[in-house]
Amino acid sequence: MPVQPRSRVVILGGGTAGWMTAAALSALAGAACKVTLVESADIGIVGVGEATLPHLRAFITRLGIDEHAFMAATEATFKLGIEFRDFGRIGDRYIHPFGSYGQPLNGIAFHHHWLRRRGADGTSPIGDYSPAVVAAEQSRFAFPSNRNVTNSFGYAYQFDATRFAPFLRTWSEERGVRRVEGLVANVDRDDPTGDVRALQLSDGQRIEGDLFIDCSGFRSVLLGTALDEPWEDWSHWLPCDRAVAAPCASPPGPIEPFTRAVAMPAGWRWRIPLRHRVGNGYVYSSAHCDDATAQAALLDALETPSLAEPRLLRFKAGRRRRSWVGNVIAVGLASGFLEPLESTSIYLVQMAITRLLEHFPGRTIEPVDRDGFNAAVDAEYDRIRDFLILHYHATTRDDSPFWDHVRTMRIPDSLEEKLELWRRSAQVQQYGYGLFLEPSWVAVYLGQGIIPERWDQRADLLGEEALDRALAELRAAIAREVAAMPDHRDQLMRAA
Ligand SMILES: Cc1cc2nc3c(=O)[nH]c(=O)nc-3n(C[C@H](O)[C@H](O)[C@H](O)COP(=O)(O)OP(=O)(O)OC[C@H]3O[C@@H](n4cnc5c(N)ncnc54)[C@H](O)[C@@H]3O)c2cc1C
């Protein structure tokens with residue numbers, strides 16, 4: 001549907017979700033809508049989303065934001081994946097890379113060939129066939145190039161979350177977004193439609209609009225509180241409901257181009273290297289660990305003394321049943337939350353913005369747009385939820401009540417089906433868009449120690465000698481090209 005001129009769009013919230021939405025609307029729907037953003041300095045932002053996914057690059061590029069300027073402003077580093085330690089069993093370690101393993105041979109996905117030779121003399125871990133894994137392990141980084149075999153990877157950013165929203169704010173205000181400082185005290189709604197007509201601020205200002213984007217964080221001021229959209233609770237599958245976060249100074253040595261997730265007795269701990277410091281946090285289940293114990297465990301694990309008082313954050317896994325109701329669309333934490341194990345929240349913000357632009361309404365909201373948007377959001381949430389649960393459930397750990405619980409809990413049928421398919425045939429359930437695609441599932445299945453009963457029989461059509469030669473050549477090419485990549489820190493200096 002063509003966008004009608006000058007819809008009045010009101011965004012409530014000036015965190016990452018609010019300013020990403022404002023930036024995208026001002027750049028991509030600028031002529032079609034007039035954007036006002038309301039935020040309250042008294043409430044502040046959650047400010048802990050530091051690790052991202054490669055999709056953010058497309059967002060930055062699409063808006064025409066200069067990557068160097070963005071990275072310098074947010075103290076960003078490059079990210080090639082996430083390293084998981086101690087998840088499948090204590091002592092295990094694997095990297096979930098941004099990119100694929102190897103290349104298909106005879107049209108059959110690489111992991112089938114690798115499974116066929118697994119355990120044979122001279123066969124390497126599957127990570128040796130991933131440029132992102134090999135580069136991450138050597139703390140090297142180069143931009144993917146079509147000229148190389150190593151182009152089969154992507155990269156994301158790790159950045160200071162408190163600097164991203166202010167960066168986008170300046171950028172958006174230069175493009176006409178109006179910012180209003182104030183606290184929403186009341187929401188005026190239309191009778192009988194229930195649509196939101198205006199936000200009443202505590203200082204008496206009244207902000208009218210046609211479309212309201214709720215980016216008010218966990219408070220979910222419009223969708224959750226005013227419209228009372230039901231909450232779908234997923235904490236029985238994802239029991240972590242708290243985090244304690246503390247930054248520390250960067251230790252000497254390389255800046256690792258990856259996020260680390262280390263399993264802990266009641267959850268896991270993140271380590272995110274930035275240019276100016278390292279972000280750390282312990283995500284835990286309050287049913288299995290008290291706050292003081294979690295804080296002590298986090299501080300004990302820091303490589304250098306904490307640079308700030310540890311911050312406690314509370315959350316619940318789940319989402320509002322619908323994200324778009326009436327003329328309110330929730331983006332970011334106001335629509336739901338899945339814990340940060342795979343750095344998916346900012347991706348969900350970006351995905352919602354993309355879908356909103358696709359379904360951007362005129363003066364009248366068409367149910368087909370609203371339903372299309374909600375269906376896309378549902379599918380993404382469900383898949384990410386299953387992927388996260390896999391990290392907990394696919395474990396042999398029984399050394400703490402938390403790990404025993406997640407290992408033995410009932411999982412969603414949708415994940416049970418995916419696991420069954422993998423165990424029986426090494427196949428990954430396919431879908432055309434969104435998170436996560438085949439290489440990601442393969443990384444986590446294998447990384448967590450789920451070895452399938454068989455591989456695709458068609459892989460056997462390739463002779464063993466030819467296969468071993470292809471594997472050795474690929475491994476050597478990746479090793480050679482990664483050895484020529486600059487050190488990550490040097491690459492950052494060039495990008496500064
Ligand atoms: C422990 C933890 C770790 C995380 N790690 C990651 C990660 O590594 N990667 C990732 O992608 N994501 C991560 N996230 C999620 C990420 O931080 C958020 O998705 C992202 O910051 C977006 O937040 P938001 O803008 O929706 O909400 P917020 O940052 O909370 O912003 C809410 C805004 O609404 C405003 N507001 C609220 N109520 C009112 C009111 N009544 N009147 C006026 N204004 C109001 C506030 O002032 C604020 O501006 C993490 C989250 C948590 C809790």
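This briefing walks through the ligand site, an annotated residue, the nonpolar cores and one buried asparagine. The model is predicted, so please read every value here as computed from it. A good place to start is the ligand, which has 33 residues around it. From there we move to K79, which carries an "active site" annotation in an unreviewed UniProt entry, and then to a nonpolar core of 145 residues, the largest in the model.

**Around the ligand**
- Of the 33 surrounding residues, the closest are G14, S40, A51, V184 and I346.
- Two helices, α1 (16–28) and α9 (345–358), each give at least two residues to this shell.
- Backbone atoms make polar contacts with the ligand: a polar backbone atom of A51 sits 2.6 Å from a ligand nitrogen, and one of T16 sits 3.3 Å from a ligand oxygen.
- C215 adds a backbone N or O atom at 3.5 Å from an oxygen atom of the ligand.
- On its own the ligand has 1,000 Å² of accessible area, and the protein covers 97% of that.

**K79, the annotated residue**
- The "active site" label on K79 comes from the UniProt record, an unreviewed entry.
- K79 belongs to strand β3, which spans residues 77–79.
- K79 counts as buried because its relative accessible area is 0%, against a cut-off of under 20%.
- Beyond its neighbours within four places in sequence, K79 contacts A51, T52, F98, G154, Y155, A156, Y157, Q158, P257, F258, T259 and S343.

**The nonpolar cores**
- Within the core of 145 residues, L56 and F70 have the most contacts.
- Helix α10 (residues 367–393) provides the largest share of this core, with 9 residues.
- L56 touches M20, F70, Y157, F159, F164, I346 and Q350, leaving out residues up to four places away in sequence.
- A separate core of 18 residues lies apart from it, with V187, I207, L222 and A334 among its members.
- As general background, nonpolar side chains tend to be buried together in soluble globular proteins.

**N280, a buried asparagine**
- N280 is found in strand β16, residues 278–284.
- With a relative accessibility of 4%, N280 is buried, since the cut-off is under 20%.
- Its side chain reaches the backbone oxygen of V278 at 3.3 Å.
- Not counting residues up to four places away in sequence, N280 touches V244, A245, A246, P247, C248, W270, R271, L298 and L302.
- N280 and E420 are 140 residues apart along the chain, and their C-alpha atoms are separated by 35 Å.

Technical notes. Residues numbered from 1 in each chain as written. Predicted model: local features only at pLDDT ≥ 70, side-chain atom pairs only at ≥ 80, totals over all residues. Heavy atoms only, no water. Core = buried A, V, L, I, M, F, W, Y, C linked by side-chain atoms within 4.5 Å. Buried < 20%, exposed > 50% of the residue type's maximum accessible area, 1.4 Å probe, protein only. Helix = DSSP H or I, 4+ residues; strand = E, 2+ residues; numbered from the N terminus. Contact = heavy atoms within 4.5 Å. UniProt positions renumbered as here; feature names shortened; annotations may be inferred. Polar contact = N/O pair within 3.5 Å; in protein donor to acceptor, adjacent residues only side chain to side chain. Near = heavy atom within 4 Å. Areas by Shrake-Rupley, 256 points an atom, 1.4 Å probe, with all protein chains shown as cover.
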